[in-house]
Structures are given as C-alpha cells and as structure tokens.
Amino acid sequence: MELFLNLCVSGLTKGSIYALIALGYTMVYGIIALINFAHGEIYMIGAFTALIFSMVLGAFGLSGWGLLFASGTLAVVYCAMYGWTLEKVAYKPLRGQSRLAPLISAIGMSIFLQNYVQLVQTPNVLSFPDLIPDIAILAGMRGVASKTQFAILAATAVSMVALTLFIKKTRIGMAMRAVSQDPTMARLSGVNIDKVISTTFIIGSMLAAVGGLLVGNYGRQMDFFIGFLAGMKAFTAAVLGGIGSIPGAVVGALVLGFAESFAAGYVSSDYEDVVAFVLLIAILTLRPDGIMGSATTQKV
Amino acid sequence: MTTVQTETAPPPASGSGGPSSGGPGGGVPESPGPDPAGAPEGRGGAAGHLARALAEFRAALLSAAWFSVLALPLVCFRVNAVSGGIDYLWARLPRLAALAFCATLAWRFLLRRLGFSRVRSAVAETAGPPPEGARGPGGSWLTLLDRAPAKRLLLAGAALLLLSVPFWTTPYVVTILITALIYITLGLGLNIVVGVAGLLNLGYAAFFAVGAYTFALLNQNFGMGFWICLPLGALSATLLGLLLGLPILRLSGDYLAIVTLGFAEIIRLVLVNVGFTNGPRGIRNIQPPTLFGADLNGAVKPLLVGHGLVHKDMDLNKVLVYFIILAIVALTVVCVYRLENSRLGRAWLALREDEVACQAMGINRVRTKLAAFALGSTWAGLAGVVFAAQISFINPQSFTFMLSVMVLSIVVLGGMGSIPGVMIGAAVLILLPEYLREYSDYRMLIFGLIMVLMMVFRPQGIIPSTRRVYIYRPEEHGDGGARPSTRNPDALDAGPGGAGQDGQAPAGVPGTAGGPPSPRGAR
C-alpha cells in the first residue's frame, strides 16, 4: 500500500513536470501548427540559468526562499527571452512555407542550442544544489512525499491557475484562443497575429523554465542533453491528450507520469520509457485525435 | 514572409546601392527594440543612402546588445564542475557582441534580397511565363542536364569516377564514401515515404536497426553469411513496416510523426534491454561479405598491391562493401525513378496533395500508404545490413533519434522528392562534418545553424524536385501566338497550372508574350 501511495505521488510529480513542458508544445501547436522541437532545449536552458543564477546570487549572500525565487524569476525571464528570439530567428522567416520547413528549422535550432550550451558551459554532468528550504509543516509527511515533490505540485498548480486565468480573462488570451480556432478569421477581426505568436512562445518558454528549475531540484543533476528526452516525453504527453488542447496536455502528462511511475514500480525501471511509448501508440490507435482532442471531420 | 507585403520593392534595375539599398523596415527578425523606422523619405540621394546605412547600423547595434544580454549568464558565468564554483569569463562578451553585430548585418541583407526575389517571382508568376532568357531560380545549369546527351555523358562520367575510387584513394576516403552511400540509400528510401507520399516518418532509424540486427544476430548465432542476410534483413524491415503501418496509417500528419518516433524509441530500448541482443554492449565481429568464398585480403590483395592498383593499407573487404553499396544505390535510383512515374507513384503524389479527392477517385488510401511505408522500410533494412557489414560492430547507440533526424535532414535539405537532391544532400551532410573535423568543437553547432539557414533562405532544398509536367507550346499546334484552341483537347491538359507545384516556372518556353492561355482568350 505504501508502495502504491509512493508511486502515485511520484507519478503525479512526474506528470506535473511533463505538463509544464507539454503546455509549451501544445500552445505553439495550437497557434501555428508547428512541432517546436527546440522547446526541450528551452527547458534545458531554464535549468542551466536557474543553476547559474542561484550560484551567482548565492555568492552575493542570498539564501533560502529569496534565493529560490530570485533565481527562478531570472530563469523564467531569460527563457522568455530565448523563446521570443527563437521564434523571430528560426520560425518567423519561414511562415507560409510548407509544413516540413519549420520542423527542420526547429530540429536545427535544437541541435544548435544543445551544442551552444555544451560549448559555453560544460559537457559534464553538473550537480544541482537543493534550493528548496525545509518546510516545517511537511515534516510529518516525509514517508509519503518529499518537500521537493510538494514544491513541484504547488508550483505546477499555481502555474496552471495562472495560465488558465491568462487564457480566459485577458485580452491577449482571448486573441490566442481566437487564433487557434481560426487564424484567418482572427486576423480579419483585427487580431495582431505576430503579437499572439510571440506571446505564445514567451508563455510556453516561461512554463518550461519553471519545469527546468523544478527538475533540477528533483533529479539533482543535469547536463546539456536533458532537454531531448524531456522534450520528447512532453511532446508525447501533448499528443496523448490531443495536441493543441491545453487541458488535454495536462491530462496527457498526468496519464504518462502515472504510467511511467507504475511501470517503474511494478515491472522494471528499464521498461519505463517503453511503456510510455506503447501507451502512446495504443491510445492513438484507439483514439486518433488524443484523449481530449475533438475529431475533426473534413468537409469538401 | 509577411513582411514582404509591407515593403515597397524598388525595381531591380535601380536597386544597386550595395548592402544598404532597399527600404528599411523589412524583415527585422533580430532587433528587439522598436524597428529603426526612420524611413528616409528621399530615396536615391546620398543623404538617403547614408540614412539607410545608419538605420542598418543601428539595428545591428541593437541586436548585438540584445544577444549580449541574452547570452550573458550562459556565456560569461561558467559553472565549474570540479570546484563547484563559478568562473567569470567577461572576455567572451565583446567577441560575442561583435559576432552578433556582423551576423545581423549579413542576415538583414540576405533576408531583404530574399524578400525581393520572392516578390519578383510572385510578379513573374502572375504575369505568365517568363520571356526567353529569364529563367526561374536554379534554371540554367539544371536545364542543361535535361538535355539527353549531356545527361548521359555526365552520368557515365560519374559512374566511372565512383567505380574507380578504391583504386586511387586511401582507405579513409573509401570508408567515408561507404557511409555517404549508406545515407544516400537511406535518404532515397525515406524520400519515398516523406517526399513522395508525404508521410512524416521520424522513426526511420528503427528499420535501419532491424536490418542491421537481423544480419548481426543471424551471423552470430547461425553463421549465416552476408548474401543470405541481405534479402532477409530487407524482408524483416518490410514486415516490421507493415506491422507498424497497419494500425497507425489512419493517423494524420503530426500524430503519425510522433508515433513513428515513439516506435523507434521502443525498438531501441528493446535492443538495449533484451538479453539476446547483448544489450548496450552490442554485437561484435560480424563477418564481412565474401566474394564467392575468395579470401580477398589474403590471396587477392598482394596481387593488386604488387601492380600498384590499390593503396597498400586498403582493406579489400571494405572495397567489396563499397561496390555492394554502390550497386544498391544504383538499383535504388532506378527503382525509385521507375516507382515515381508508375501508377503507384502517381497515386502517392496524389494522396500527398489531397486525400479526400484521391479516395473519391478510387485509390485505396490504406493500401497505397502502406505500400509507401513498407517500401521505405525495405531500403532502410538493406542499408542496415550493409552498415553492419561495414563496421562489423553494432550497438543500440548507433540507432538513435539523431540518425532519423539526419536522414530526414538529407531528404529535406536536398530537396523533397528529388532523387539528385537527396544524393547531393547526403553527400553534403555526411562529408561536411568530415571536413569540419578541424573545428570539431564547433562542428555540430555549425551543422545546426546551417539547417536553420538553409530552411530560411532555400526551403525548397538544394535541387528542388521537378515534376513531369506538360507544357503548352502553341507553335507545335500550328496556331501561333497565345491562342489556345478549345477544340484541341491535347492542348488543354497542358495549361501552365500544372507547373506551379514548386513555384518553378517552366524553363525555356518560347516567346509567349501574350500571357497565359485562357479559354476566354480564344477567338
């Protein structure tokens, strides 16, 4: 029973992190129908900047919650800047091209960013410091979930609520929904498409940065290559839930997190990833548009 | 390019003012601040040129500043993995800023030129076929190749050159060429799936792996030779393609991409974790192919070296592999070429363009797609067997997602659906890293950058595919000028509409100054 509970918590944690990254994929896909392969690298850059700023600020005497929030904020800001620049350099000049051109450009950008970080930082595995201070109230819960797991769940919940409010309540959020429904019609109604796309990339990158910071704290080590697998899993989660759908991404990520966690616990951790991808194929075979995706009928 | 529309493109004749000519405010992808829209009113004057140059300078300066800020934490604060502290590397910053400055200038200049050429080609398209002499992009030397004698001569020369390679080069060159040829085979195979049938397959490495492992396992456990395993490897890859294709081919576009990606990961992870494949350690000592049982390196080599025919360090088994893969490539080219113009090939093209219309025309969607998928896998299997024979040691590390990406890049960079394009693409992508080995640290960085730049500045690929189109030639029908006859059914299926697929104007249409033939223009 305790194993079951532990697996549930770890599945929830994993799912939350996947969700943070998957949202970036699904939002970009919803707006411009592009698989942003470089999104995983943004997440990796988030983890790196968070680590770097925590060390630099730590040398200036910051510690505890202040250090966590300061380095987290800086990482989020920097990732937003990276995401914005990425779109301007690699995707914007390609608008109106065939579907494959931006995809290749994204793959190229992903290779570029990986090697950029490897060159200017290090190809070695780095250890990530424990940034989350002890929380007194949680001391009694140690057996079930660690403070890092609690922090991840809390941060994810806050991010999700913030994102939902942003999408539902603000003007630009409304514009985003409009563009994802019908870009031509949105443009006719005076929506600034460029602004919407930029915003989408910025928001997605910010969420990825939060994910990067949290994963650094959770796994405690990282290198320049972490973006690849995380990106692939997150994309799987987004597709699982029905790509383009924001609640779908969260559901897909949680399903994936639970499946992996139970596979690791009850089968073997070697087959964790196999189970994730088999699940993907199975679900897509049964529901070709994902769990939450709506089947579109093509009219002629 | 949405920016093109806002730009008032000056006529090409007057746009000769160097890098700073042309209206500012075009594609400004990199400058973060407000666009330097100090648009000079007086075009053409020296003051105008100066103002434009200043605007360019300002934009490049802004972008240099932006990239400096962007790169600051990653470039200047390096985490020291040993001491656990931070190294401050401020000296890197000015170099980075200078690089960003120059790159922005070049980028803006190129993007503006690109904008002009797109506007010009759009104008040319709406104005009808270009007059003689003015050919579409990539016209001149490519059309030269279309002339049959020149083409045959070139092909014969290339074949002779490739056949003679092992006799005048070093073993190193032969090894690289084998790799390049393996990638050409892979590229041509994937080209059927992605380029012709339009099914995005991101898991091509899986079929390559299956071919390689089929040979390796049969060779290790049952001592079966290369020549039996070659068809068996291809067959097993085909079967796997069919097995995977059946359930997933009703998925559309991007879902298909991710499922193939996931499938490739499953195959790789199974190869890592299952006992009989020897896991991550891989399989060693795979026997090289033999030629009718002859001991090439023992008996034949001294003879050849004695006559100065081959390099003294040349491994003749490698040479045999080289000839085998060369033959496979030749066979593949012929097959793919024949396939493209066959009933099946035209069904693939049609399916790529419009599924619904295709089904309405009675094309079996699933069977056609499955054929593309399985045929593409067959070539991956073939290439896999040769790969295992070449390096005689395989492990799952050779079949990662990067391999699939590499092959896809070959297809797209070379020109989707184009056979010579894929061959050039493979040659460039495999040989480029070899030549960049001197800068090995920056190798993959440059590689990624080239992929992005290529997509921005030449998305149709190095050699775009040209579809066989029927071009209306009035003089052949003897009614001169641009007067298509509605009574002549032969002329009607030949409208220029069919030529627009790649935005390529049909080259060398003799003087049809009267514009596109339209039925209403008759009489």
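# A tour of chains A and B

Begin by selecting the residues that meet across the two chains: the contact takes 65 residues from chain A and 65 residues from chain B. Keep in mind throughout that this is a predicted model. The size of an interface is often given as the accessible area lost when the parts come together, and for chain A and chain B the area buried is about 5900 Å², with carbon and sulfur atoms giving 77% of it. If you then colour the elements of chain A that give two or more residues to the side touching chain B, the ones to pick are α2 (39-59), α3 (64-91), α4 (100-120), α9 (226-241) and α11 (272-286). Among these, centre the view on α4(A), from which the largest share of that side comes, namely 15 residues.

While the interface is still on screen, turn to its polar features. Between chain A and chain B there are eight residue pairs in polar contact, counted where both residues have pLDDT 80 or more, whereas the rule finds zero salt bridges across this interface.

Next, hide chain B and look at chain A by itself. Chain A has eleven helices and two strands, and reading along the sequence you will pass through them in the pattern α-α-α-α-β-α-α-α-α-β-α-α-α. Of the 300 residues in chain A, 58% are buried. If you display the contacts of chain A between residues at least 6 apart in sequence, 77% of them join residues at least 24 apart. A surface drawn on chain A corresponds to about 11800 Å² exposed, and carbon and sulfur atoms supply 66% of that area.

On that surface, select M1(A), L3(A), F4(A), L5(A), Y266(A) and V267(A), which together make a nonpolar patch of about 650 Å². The elements that give two or more residues to this patch are α1 (2-32) and α10 (246-267) of chain A, and α1(A) gives the most, with three residues. Pause on L3(A), which is found in helix α1 of chain A: L3(A) counts as partly exposed because its relative accessibility is 44%, a value that lies between the 20% limit for buried and the 50% limit for exposed.

Now bring chain B back and select T185(B), which lies in helix α6 (residues 171-196) of chain B. Is T185(B) buried or exposed? T185(B) has a relative accessible area of 0% and is therefore buried. To see what surrounds T185(B), show its contacts, leaving out residues up to four places away in sequence: T185(B) touches I325(B), I328(B), V329(B), T332(B), W379(B) and A383(B). A distance to draw here runs from the C-alpha atom of T185(B) to that of L326(B), since these two residues are 141 residues apart along the chain while their C-alpha atoms are separated by 9.3 Å.

The last two stops concern backbone angles. Most residues other than glycine have a negative phi. Select N278(B), in the loop between α9 (253-273) and α10 (296-306) of chain B, where phi is near 65 degrees, a positive value in a residue other than glycine. N278(B) is partly exposed, with a relative accessible area of 32%.

Finally, move to S392(B), in the loop between α14 (365-391) and α15 (401-414) of chain B. S392(B) is not a glycine either, yet has a positive phi of about 55 degrees, and at 28% relative accessibility S392(B) counts as partly exposed.

Terms used:
Residues are numbered from 1 along each chain as its sequence is written. Chains are lettered from A and ligands numbered from 1 in the order in which they are written. This is a predicted model: local features need pLDDT of at least 70, side-chain atom pairs count only at pLDDT 80 or more; totals for chains, interfaces and linings use all residues. Side-chain values use heavy atoms; hydrogens and water are left out. Patches are made of residues with over 30% relative accessible area and no salt bridge: like charges are joined within 9 Å, nonpolar side chains (Val, Leu, Ile, Met, Phe, Trp, Tyr) within 5 Å. Accessible areas come from the Shrake-Rupley method with a 1.4 Å probe; for residues, only the protein chains shown count as cover. A salt bridge is a side-chain nitrogen of Lys or Arg within 4 Å of a carboxyl oxygen of Asp or Glu. Helices (H or I, at least four residues) and strands (E, at least two) are DSSP runs, numbered from the N terminus. Buried means under 20% relative accessible area, exposed over 50%, partly exposed in between (1.4 Å probe, protein chains only). Contact means heavy atoms within 4.5 Å. Buried area is the accessible area (1.4 Å probe) that two parts lose on being put together, summed over both. A polar contact is a pair of N or O atoms within 3.5 Å; within protein, one must be able to donate a hydrogen and the other to accept it, and residues adjacent in sequence count only if both atoms are side-chain atoms.
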